[in-house]
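Notebook open, coffee poured. I want to look at how two chains meet, and then at one helix.

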Amino acid sequence: MTWFRLAADVFLVEGDGADALYDVHGGRVLVLDEIARGVLHHCEANEALPAELEPTVKAFLDALEEAGLGAYEDSPAHVEKLLLHQPTNWQGMCMQPPNFSRADWSLTDRCDQDCAHCGRSGETLTWEGCRTCLRRSAEGGDAWMPERPAALVAEIAALGVRTLHIRGGNPLLVWDALCGVAGAAAAHGLELVVTTPGTGRSPSDIVALCHRTGAQLNVVVPACETGAVEKAAPLLDALAAAGLPGFITVLLTPETQALRRTLRDEVAARWNCEPSFAEVCLRSEAKGGFRLSHVTADARAMTPWSNAEAFFFRRVGNTCTYGAFEIGADGKIRTCIGLGDIHGDVAADGLRRALAGDGLYGAWEQNKGRIAPCQNCALRLACADCSAFEVAGQDDAAAKAAYCPIDPADSTLAAGVGACGISGFVRGVVLA
Amino acid sequence: MATKISQIETSQVEKRVTLRFQSDRGRDYLYDDVTGAIFPWSTLREDVLALSLAGRLDGERERLADVHGARAVDGARRLIENWRSRYGAFARPSGDGLDAPVPAPDALEPLVRARSFELLLVLTENCNLRCRYCALSETYPLNRQRTTRRMSMETARRAIDWYADLVRPQMAQNPRKRFGLSFYGGEPLLNMKLVTDVLAYCRDAYPNTFLPVMTTNGLLLTPEIVETLVEHDVMLAISIDGPQAEHDRLRRDIRGHGTFERIAANLRRIKADHPEYWQRQLTSVSVYDWGTDVEAAERFFDENADVMPRTVFVNAVGAANTDWYERYSEDDRRRTGAALDRLRARYKQAKIDETEASHYLTSLVGIDIYSVLLRRRVGDNRVAFLPYSGACMPGDKVAVHVDGRLDMCERVSGRCPIGHLDAGGIDYERLGEVIQEYRDQVTQRCDRCSVTKHCSVCFSHVETEDGFRRSPSICANTVAGTRQRLADYVSVLEENPEASFQFETDTASLEQRLLLQY
């Protein structure tokens, strides 16, 4: 009798309709049809292979063996999965320090623009909203500000945070506060990114601030507004002339997503810069069949892992928010602008106590294996899109179609992988 | 032929660090200590690995193929070469000068500040019991002995202030972190006034900073004392060895009377008065030797789980630096060994059948299997200058004695202090010397060991009158124990690939399913 076991760094991931085989070292995903799925489940249950194998099944197992993805055994065997990179979760007195990497701080809710979707967090869905100046509330009131902003920056730095991301509204409208925070960030060696629509302050002042503190500008171009590029152009021209590094983020809406390519080309031509894209829409539009442009344009949701650690991380952590927290304009701690759960109150309790609860850290571990419908999808470890986390737990189940073309219950996915626009590291195995 | 090929010497630069073992079914496996991986093994794979490490595989391939078939040989070669090239498996560089040097004192200090997790206060060197195997008795002549000295509040306050300053960087970096504050003795409840004062001081001066823990014999758990412990949510580890006859055999008071009934009465009252506290914060710790009926002890804790707190540790009476076991015969040793084998078999069957195993059984036998789960991974962080054995880095824990002297933990004899509160705390120059001596005397040859990830040897195990010394038997026992627990582990998972090993203590949680299921 013969047995066949998958290799230690090959994982069989179950989905509702189809299963997928993840070759961690090779960076490949094989979506299995019903026959391949059945065979591998039989093998992984440590059951002997039938004496007579179907030729297609035999060829499949031989191919796996030749690719180093499995091996024939002469008796039942325990093949332990790769244990590298999977640390123990120490608790209590042995708890390891969290890997804080980025803090977003909304210095103000004020803005001098009047974008249609901004400040309507109860009515809108955003994708990669953290890259933009979208606010939760459009009331425009003054934000919470600690008595000693520099002391808060020092506390943030002591956590091990590497990047401080200043957001708004438009933080250029609270110039003195921005300069104070930027100076403190520079003193503590923090990388500082300021996200702004780029209006409300002279480009020369902004360039001087960047020179003084090392701040990098992320200039948001709200494509929902007529002439948005031209509004941001003076600042972008000044930054380019000063040779300062920075980012451009184009905020699309359902009405303007068709302009994606045009805007990308225009930005690239004028400022020699590949822009990022974020999107916002009304919930009602998502229910009405809206599709995110990245689903159809770049298929970037499916992203190969760069190394084994990155693969295992997808199993235990949120690939987008892990290590990040947001101090909102109300002084509350949340994970990011796209997620509404409050994890602490800096204004009331100070930063350390606000971060002493478990909520934020639980959110960091909110991976695709824990949220519906992704937990039922065999491709959940191939997908690095954060959209699912924004929609998970909300009423807008129909919104799922806006960011993901895959039906987790589709048992014919192996044959239809190409049709879903999924990139080349995911392939189908069809034995039927 | 296989045996001959397997005996090929590998190069002097790289040493093969693998261990072969068999499951209960007789299935061969190979454990690799570089990666911590376990491989189903065979004569062919052994031959291919040996030839590969000797650089002779190409020349011998045809001959192997004649015996095993070309496809099988190529499959074995792929497995071995993949693991060699991707993860550096099977052989480890060996020789002098490979380990990072022990850092200078000024570099050790920030390391200790970044790692230390527990402060132990030795509140008294006295005890109200005269347990015959006590570490503070003449049974262990190397250790500190019982005295009437006790710690003052002044010393305790200085210790707490000093430690809070030591770990301040961690507090800033890790808002959830709580540091262990362990009350130790002798019997710490003999100095209850100090316990009360320390708990109040920590609550006021360092709120939400410490996790108080106490190891006690349980005899003095009066209602008044328990009220204080409940108020401060102190976790209690209570020493109970088993049923009355077993407990009273060795755990006796000053007048030689057994203590079981009085402790059991205290436990019943705590459960009645504070059931939630009893459930959450009370645990039992047990000791056995070759005179113990371990099966009876297991039954006792299982049948009396309504009174006896859940068992979290079951340890054998220590065998180092003592003649304790000379009182027992070879028959006693064999009888205990046979009983442990039966309990091990019962535990494995419970895991295969997915039925409950008692806390005592889990602590006695299961902990060995959990240690397989917890074996160090390639990516885990041991300090580079102390890469081998299971030793903490001195300073990870700090034990403060009644007079303010600092030790690396509560288990060492006290002959090798690492500082003193009167001298400003840890003496980092001395700390470096201690680590260097341990490396020179104990871990110098560990780079060629096949079970480094399973080694629990630490400073306290290798203390002698002449300093730290490694005895050959301690390594032989580690290898034998590792082979047994690896075999137990794979034997369960061969029978039930979905078997669940839940590991949970106050300091760690790990679930086998998290590792295997995707």
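My entries on the interface come before those on the helix.

Ground rules: I am working from a predicted model, where local features need pLDDT of at least 70, side-chain atom pairs count only at pLDDT 80 or more, and totals for chains, interfaces and linings use all residues. Residues are numbered from 1 along each chain as its sequence is written, chains are lettered from A and ligands numbered from 1 in the order in which they are written, and side-chain values use heavy atoms, with hydrogens and water left out.

**Interface.** I looked up the contact (heavy atoms within 4.5 Å) and found 50 residues from chain B and 55 residues from chain A. Together the chains bury about 4800 Å² (accessible area lost on being put together, 1.4 Å probe, summed over both), with 53% of it on carbon and sulfur atoms.

**Charges.** I get eight salt bridges between chain B and chain A (side-chain nitrogen of Lys or Arg within 4 Å of a carboxyl oxygen of Asp or Glu). One of them joins Arg71(B) to Glu65(A), at 2.9 Å from N to O.

**Helix α2(A).** Glu65(A) sent me to this helix, residues 55–66 of chain A (helices are DSSP runs of H or I, at least four residues, numbered from the N terminus). Its twelve residues reach 16 Å from first C-alpha to last, close to the 16 Å expected at 1.5 Å a residue (1.5 Å times one less than the number of residues). Its buried residues (under 20% relative accessible area, 1.4 Å probe, protein chains only) are Val57(A), Phe60(A), Leu61(A), Asp62(A), Leu64(A) and Glu65(A). After the helix I noted Gly68(A), with a positive phi near 75°.

Note on methods: Buried area is the accessible area (1.4 Å probe) that two parts lose on being put together, summed over both. Helices (H or I, at least four residues) and strands (E, at least two) are DSSP runs, numbered from the N terminus. Buried means under 20% relative accessible area, exposed over 50%, partly exposed in between (1.4 Å probe, protein chains only).
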